[in-house]
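Please look over the model shown here, and then work through some questions about one strand and one loop position.

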Amino acid sequence: MSIQHKETIPDDIKVYGAKVNNLKNIDVSVPLNAFVAITGVSGSGKSSLAMGTLYAEGARRYLNALSTYTRRRIGQDAHPNVTKIEYLPSAIALRQRPTVPGNRSTVGTMSEGLNVLRLMFSRLGSYTCPNGHTVPPTIKVAQAMDVQGHEMGKIKCPTCGVKFAAPSAESFAFNAEGACKECQGTGKVRQILKSALIEDENETIEQGAVASWHLPGRNFMPSVAREVGIRIDIPFKDLTDHEKDLVFNGPANKYQISMPSRTGRVFNLNAKYENAFAAVEDSMKTTKNPRSIKRLNRFYEFGTCPRCHGARFDPDVYKTKLMGKNIAEVSDMSLLDLIPFMDQLAKALPNDMHELATSLINEFKGSIKPLYDLGLDYLTLSRAGNTLSTGELQRIQLGRTLRSQTTGVLYVLDEPSVGLHAANVAGLINILHQLVSQGNSLVVVDHNIDIIAAADYIIEIGPKAGRLGGQVIDYGTPAEVKQKPNSIIAPFLKGQGKIIERPQAPENEIFKHGQIDLHITKRHNLSDVGVKIPKNRLTVFSGYSGAGKSTLVMGGLVTAMQRQANDQPLPDYIDQFNSAGLSRVIEIDSVPIGKNVRSTVATYCGIWDSVRKLFASTPLAKRHHWNEGHFSYNVKDGACPNCQGTGTISLDVQYLPDMTMTCPVCHGKRYAPDTLAVKWHEYSIADILGLSVVEAEQVFKAEPKILNTLEALDQMGLGYLILGESTPILSGGEAQRLKLVSQMGRKQDDTLFVFDEPSVGLHPKDVEVLNQVFQQLIDKGATLAVIEHDLDVIMNADYVIDLGPKGGNLGGKVVATGTPADIARANDSQTGIYLAKRMKLDHLL
């Protein structure tokens with residue numbers, strides 16, 4: 001049978017007049033039912049086209065098909081700034097940086113596999129009656145669960161005849177009834193570290209030896225301690241055991257003390273004694289301020305719950321078993337082992353339970369199979385979500401999407417290669433092709449050369465960033481784009497791009513300046529792992545996703561440096577650490593800067609205070625007696641009274657999405673009219689916010705303090721950023737480089753910089769700049785430790801520590817160390833396989 005109208009079915013999404021962010025009123029055709037890669041340098045407008053235009057409008061149109069009641073309950077995006085879009089399917093997006101799960105999330109809850117497993121334990125398990133007899137699996141349990149009223153779930157023990165309630169699925173939920181009573185289902189308990197309560201045992205209490213008595217409102221506690229009978233004028237270490245016990249555990253009795261004031265008057269107080277532990281506990285109970293909580297957390301350590309041993313479940317539920325295993329034991333099995341376990345379970349059950357078991361087992365397999373296919377078979381259902389790498393989170397998010405097996409959907413993926421090892425990228429590409437083969441359209445924003453080369457069609461945005469970008473500079477198949485003379489990505493697709501951007505240390509001089517020594521006994525999947533990190537060099541930690549890089553660097557190296565800097569004991573899993581004389585550690589991650597539009601490039605990098613002082617020094621400002629505070633858009637006097645300094649207003653339009661529009665009073669300038677009337681060198685303060693970094697360099701040539709910061713931004717490849725640009729919308733790579741600006745003007749020979757995937761969101765041309773920034777830090781004496789998968793970054797390293805061989809229980813080992821060439825030749829290194837291919841392509845091996 002011929003299909004009617006087939007000849008009229010469109011081949012492309014047609015976009016007309018896209019003006020989102022920096023897009024220059026572009027028209028573009030995006031092929032349907034194809035894998036389309038959008039590429040371009042950072043800030044060129046890729047995400048504005050993919051997420052801000054295609055996804056925003058596709059999602060909006062889909063939501064418009066729902067009822068008014070439903071739409072009011074769903075966060076909606078406003079209509080994007082585009083003239084017209086034709087033939088646009090409903091859209092689903094996967095963001096660049098998945099939200100880090102809370103401490104209650106696990107792989108089981110995120111994949112929904114645990115929900116099915118709880119049902120299986122409730123319906124297919126063997127139970128223990130109140131008298132201790134084992135009740136084997138029976139179909140009667142499932143039938144009993146359908147009974148209404150008090151008899152729901154009641155079964156009879158075949159041995160002693162007692163009637164009892166079989167546990168329901170909720171009984172196995174660690175976020176509900178099945179939670180451990182000690183830790184409330186988190187698997188962790190917070191305990192105050194006794195060692196953290198004493199700042200320096202050589203000091204007296206009078207000098208401040210008890211750290212928790214430095215907390216607000218407790219400066220008089222040493223005087224109370226003296227009344228308790230504790231000597232406060234001798235070193236803490238010389239106190240008797242009884243006196244020390246009173247410091248830590250003394251009762252909360254009241255004592256009369258005399259307190260002199262600054263004026264010389266003496267006040268008599270009836271003060272309650274608060275021991276060192278109580279001072280922390282009481283402070284934690286009475287504060288909700290995030291900064292205060294962060295300060296208090298230095299007194300705590302989060303240990304494994306002694307009752308459930310970290311499993312989260314109440315041990316009472318362990319009496320119910322599947323093939324002799326309780327729910328904690330099954331949750332601790334890897335996905336690789338779970339599938340054969342489920343097959344054996346189906347065979348072990350009575351015949352009349354096979355239909356129910358098959359249904360539940362198939363549902364369970366369906367929830368974990370996408371993770372299995374995406375190379376996450378080493379994970380366990382019990383693995384905490386907040387311990388997963390970005391790449392693992394991305395793939396779990398993608399796995400949930402794949403389960404739906406939809407057709408006719410536009411999938412928009414923003415940097416799906418983030419956090420993925422080159423071996424994982426190959427599997428990801430297969431998944432992306434599967435999405436298209438199911439009858440969907442796929443738009444991927446990415447910089448990974450392998451992903452771009454695997455696409456059916458490429459759209460290149462540029463030519464540069466910010467105001468110099470926002471145009472379609474090339475489009476076509478990968479083969480066609482390779483031949484385009486103006487294409488920025490073409491040289492990298494052909495293996496002709498410049499790769500090595502910094503002078504690498506000679507192999508025999510890598511450890512010339514010394515080394516950091518670190519040894520971890522047991523932490524997550526790391527066991528007996530020791531590393532040597534060369535000082536004043538660029539060291540890259542590479543390896544399979546989930547191999548243990550973050551555990552080694554963040555949980556090991558950074559924690560050890562921070563503990564040492566605060567004179568605190570090392571965690572029990574670190575038994576050896578030598579900092580090589582480094583005293584500071586600075587973490588540079590790609591977490592967005594700020595939370596709203598009030599945080600801008602100018603305010604974050606620290607130049608705005610100086611700019612406001614310049615405006616306050618003008619004759620007109622002095623006549624009005626305005627100081628620099630008047631030129632802050634966060635202060636009522638200077639800010640636009642209509643938008644309170646945000647430059648935009650939000651309108652509640654009933655059942656339609658809230659509309660954000662430019663403030664009609666200040667026209668987006670943030671300031672009140674009288675503030676804008678003040679001019680410095682013919683510029684209003686709003687005019688300054690509208691300048692790019694490069695433009696501002698010319699304006700502030702005679703202001704060294706401001707100019708130095710602007711030049712540092714420019715040297716990091718951020719010259720295109722607008723001073724008034726909101727920092728939360730910057731890409732991960734831009735955020736990392738902006739965080740570095742304040743560190744560039746000083747010597748760094750005492751500092752360890754730790755970068756977590758600094759190539760996030762960076763085009764290969766931007767990676768060139770990143771490697772140059774690394775060298776600037778090295779030249780100032782800094783030591784760099786970088787977690788990275790990007791082969792261009794790895795190839796520029798002085799030293800590489802490669803973990804693996806794979807992830808999870810199959811990782812956790814140092815498989816190779818040395819120069820990039822050494823890693824490329826290593827037989828056991830997964831990284832080496834792909835690094836060798838790339839280095840040969842670029843004639844480096």
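**A strand and its neighbours**

Q: In which sense do β14 and strand β15 (residues 441-445) pair, and over how many bridges?
A: This is a predicted model, in which local features need pLDDT of at least 70, side-chain atom pairs count only at pLDDT 80 or more, and totals for chains, interfaces and linings use all residues. Residues are numbered from 1 along each chain as its sequence is written, and side-chain values use heavy atoms, with hydrogens and water left out. Strands (E, at least two residues) and helices (H or I, at least four) are DSSP runs numbered from the N terminus, and two strands pair if DSSP finds at least two bridges between them. L413 stands opposite V444 in β15, and the two strands pair in the parallel sense over five bridges.

Q: Which residue of β14 does I92 stand opposite?
A: Strand β5 (residues 91-94) also pairs with β14 in the parallel sense, over four bridges. Within this pairing, the residue of β14 opposite I92 is Y411.

Q: How many of the five residues of strand β14 (residues 410-414) are buried?
A: Buried means under 20% relative accessible area, exposed over 50%, and partly exposed in between, with a 1.4 Å probe and protein chains only. L410, V412 and D414 point one way, Y411 and L413 the other way, and all are buried. The strand is therefore largely enclosed by the rest of the structure, the buried count being five of the five.

Q: What is the relative accessible area of G629?
A: G629 lies in the loop between α22 (619-623) and β23 (648-651). G629 is partly exposed, with a relative accessible area of 23%.
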